[in-house]
Amino acid sequence: MKRLDALVNVLTESRTHPHTVRLFRRIVYGWYLLSVLMLVPSARQFWGPDSLIPLQPVRPIPLLQLLDLNAVRPWFPLFVIAEVALLIVGMTCRWPRITALLIYIVSMNLNNRAWVTLDGGDNLMQIMLIYLIFMDPAPPSDAPAEGVRGYANNAITNAVFLIARLQVVAVYLVAGLGKVTGELWQNGTAIFYTLSVDDFTLPAVRSFVADWPVFSVVATYVTLLYQVSFPWLIWNRRFRPWLMGLGTFIHLQIALVMGLFSFGLAVMSSYVVFFTDAKSAAVMTRAAVWAARLDLRGNAARVLRPAAH
Amino acid sequence: MRCKYAVAAAVGAVFAIHVACTALYLLPQNPMTRYFIGAVNGYMEPLFAQRWLLFAPEPATSSVKLWSRYECGGSWTGWSDPAAPLMLRHQHNRLSSAGKLLYIPTNLGRELSRDTLDIGIRLDCHDPACEARKNAEIVRRGSFRRAVAWSVRNRPCEASNVQVMVAQLYPAQFSERNRRKPFSFANIYDYPPVPVEAGSSRGIE
């Protein structure tokens, strides 16, 4: 009974990772901001009326596919502007839930119109956008701590934060188990083939993997081992930094060498949910110091500085 | 305390349902799948869909290209990949929009291949008259018109006619890695030439 009381208290009395929730929100919205700004120079080809991207065959939620409507399509620049503005507001953590909801709606409209350009990173981030609607990023001192509203706010934030962690674990679990049974992963040539395909390589890298087969064999088994062990070892605080370091290295390679830039960055962004709260606070403090150096008026520093408990 | 318990129970129930649905949704197909998949998909698909690309269990082993050739001033050019400049830009700058733009011709090639296969299976042609019917049906498809529109937008000269081809290229296999071939083998399907006006994007659904 005492353990149950303790569990209920942990769930309802305070938010377990307030700084990590805040940092995670900024990182995810930062990822979306970078993604949309990268696409802006070719915006017409992704979202414009004469885009060659076919419409999706099914429309489960019409509100998220407004750009499929002929009457709305010419107004795509408004969606892009709204997305950028909302993401900036979202990163300041003001009006968190309504902003998060609006960001989800606008992002999904842009994503659904350009659906053929989406990759696994977009898929993961779309799910994280939903979770962010339910996470309260307010500083601990601002949140109501007592009463049903306060308990519910804390409990929802804590539960959804844990769901976000489990989602990342699920991705690795399914990906790892899927790869273990794959012939090319078992015989150590998976990385060789991927880095030999025109779409996922650089000319110098293609020559390198042809000349040094030992590299692709080692890289294949390291990737496999990493993916299979992630769901178990990530919960161990001693292994966690090493695991995330290796994962960051692998996903940087995916972003820069394989050219899946947004995918690599999306998975790295999702690692933030495994930061301890102290680590997140330290990251935000450092960001605030950098921002203060760049911004003489100190506006950015005020926005980025983590709130004290 | 009772209030806390009520909140914890409600949030815990939603948490348990979501985690259970996610787990069941991601489980490989098994003899029990049919008992729960309808309800689980009904919950997961609209908002929490998780596609093959998220897990990528199989490595990429081929690439799909949409190649074109053009009739300019009465003579035909050779086959070329209109997306080649984009690929070059993507390789030089991973932060440009070229990477995502490249998905468009790849998807056009896949979409056209799928339509061609569907029509081919349905008509099961064994004579030239049937082949002509098949080609006529392909040319009417939105996927073909989009592919032609892509080629026309990226034409290198003032063309009167254009022909497209879908090529699935397999890179040099591991055993032939030292031969420096651009690719090991290819599946190709070329389509009938059409006037460039067929690539007008107006009215393509």
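**Exercise 1. How many helices and how many strands are there in chain B?** Describe the overall dimensions of chain B as well.

Solution. The structure is a predicted model.
- Step 1: chain B contains 8 helices and 5 strands.
- Step 2: read from the N terminus, the order of these elements is α-α-α-β-β-α-α-α-α-α-β-β-β.
- Step 3: the radius of gyration of chain B is 24 Å, whereas a compact globule of 205 residues would have one near 17 Å.
- Step 4: the C-alpha trace of chain B spans about 85 × 45 × 40 Å along its principal axes.
- Step 5: of the 205 residues in chain B, 25% are buried.
- Step 6: take the contacts in chain B between residues at least 6 apart in sequence; 59% of them join residues at least 24 apart.

**Exercise 2. Carry out the corresponding description for chain A.**

Solution.
- Step 1: chain A has 15 helices and 0 strands.
- Step 2: a compact globule with 309 residues would have a radius of gyration near 19 Å, and the 21 Å of chain A agrees with this.
- Step 3: along the principal axes, the C-alpha atoms of chain A fill a box of roughly 65 × 55 × 45 Å.
- Step 4: the buried share of the 309 residues in chain A is 44%.
- Step 5: among contacts in chain A with a separation of 6 or more, 69% are between residues 24 or more positions apart.

**Exercise 3. Determine which residues of helix 12 of chain A are buried, which are exposed, and how they are arranged around the axis.**

Solution.
- Step 1: helix 12 of chain A covers residues 240-256, that is, 17 residues. From first C-alpha to last it reaches 24 Å, close to the 24 Å expected at 1.5 Å a residue.
- Step 2: the buried residues in helix 12 of chain A are A:G247, A:H251, A:I254 and A:A255. They cover an arc of only 90° around the axis, and therefore lie on the same side of helix 12 of chain A.
- Step 3: recall that an α-helix has 3.6 residues a turn, so residues three or four places apart point the same way.
- Step 4: A:W242 and A:G245 are exposed, on the other side of helix 12 of chain A.
- Step 5: the cover over the buried residues of helix 12 of chain A includes helix 11 (213-233) and helix 13 (261-270) of chain A.

**Exercise 4. Characterise the contact between chain A and chain B from the side of chain A.**

Solution.
- Step 1: chain A gives 55 residues to the contact and chain B gives 53 residues.
- Step 2: the elements of chain A that give two or more residues to this side are helix 1 (2-13), helix 2 (18-39), helix 6 (120-134), helix 7 (147-180), helix 9 (190-194) and helix 12.
- Step 3: helix 7 of chain A gives the most, with 14 residues.
- Step 4: by residue class, the side of chain A that touches chain B has 38 nonpolar, 12 polar and 5 charged residues.
- Step 5: for a single residue, take A:S42, in the loop between helix 2 and helix 3 (43-47) of chain A. A:S42 touches B:S97 and B:L101, leaving out residues up to four places away in sequence. A:S42 is partly exposed, with 18 other C-beta atoms within 10 Å.

**Exercise 5. Locate the nonpolar cores.**

Solution.
- Step 1: the largest nonpolar core has 79 residues, and those with the most contacts inside it are A:V28 and A:M128.
- Step 2: helix 7 of chain A supplies the largest share of this core, 13 residues.
- Step 3: apart from neighbours within four places in sequence, A:M128 is in contact with A:V28, A:A164 and A:S270.
- Step 4: a second, separate core has 23 residues, among them B:A83, B:V148, B:W150 and B:A159.

**Exercise 6. Two residues other than glycine have a positive phi: A:C93 and B:D124. Give the setting of each.**

Solution.
- Step 1: most residues other than glycine have a negative phi.
- Step 2: the phi of A:C93 is about 65°. A:C93 sits in the loop between helix 4 (76-91) and helix 5 (96-113) of chain A. With 21 other C-beta atoms within 10 Å, A:C93 is buried.
- Step 3: the phi of B:D124 is about 45°. B:D124 sits in the loop between helix 6 (103-123) and helix 7 (128-140) of chain B. With 8 other C-beta atoms within 10 Å, B:D124 is exposed.

How values were computed:
Residues are numbered from 1 along each chain as its sequence is written. Chains are lettered from A and ligands numbered from 1 in the order in which they are written. This is a predicted model: local features need pLDDT of at least 70, side-chain atom pairs count only at pLDDT 80 or more; totals for chains, interfaces and linings use all residues. Helices (H or I, at least four residues) and strands (E, at least two) are DSSP runs, numbered from the N terminus. The expected span of a helix is 1.5 Å times one less than its number of residues. A residue is buried if 20 or more other C-beta atoms lie within 10 Å of its own, exposed if 12 or fewer, and partly exposed in between; C-beta atoms are placed from the backbone. The arc is that of the directions from the helix axis to the C-beta atoms. Two residues are in contact if their C-beta atoms, placed from the backbone, lie within 7 Å. Ala, Val, Leu, Ile, Met, Phe, Trp, Tyr, Cys and Pro count as nonpolar, Asp, Glu, Lys and Arg as charged, and the others, Gly among them, as polar. A nonpolar core is a set of buried Ala, Val, Leu, Ile, Met, Phe, Trp, Tyr and Cys residues joined through C-beta atoms within 7 Å. The radius of gyration is taken over C-alpha atoms; the globule rule is 2.2 Å times the number of residues to the power 0.38.
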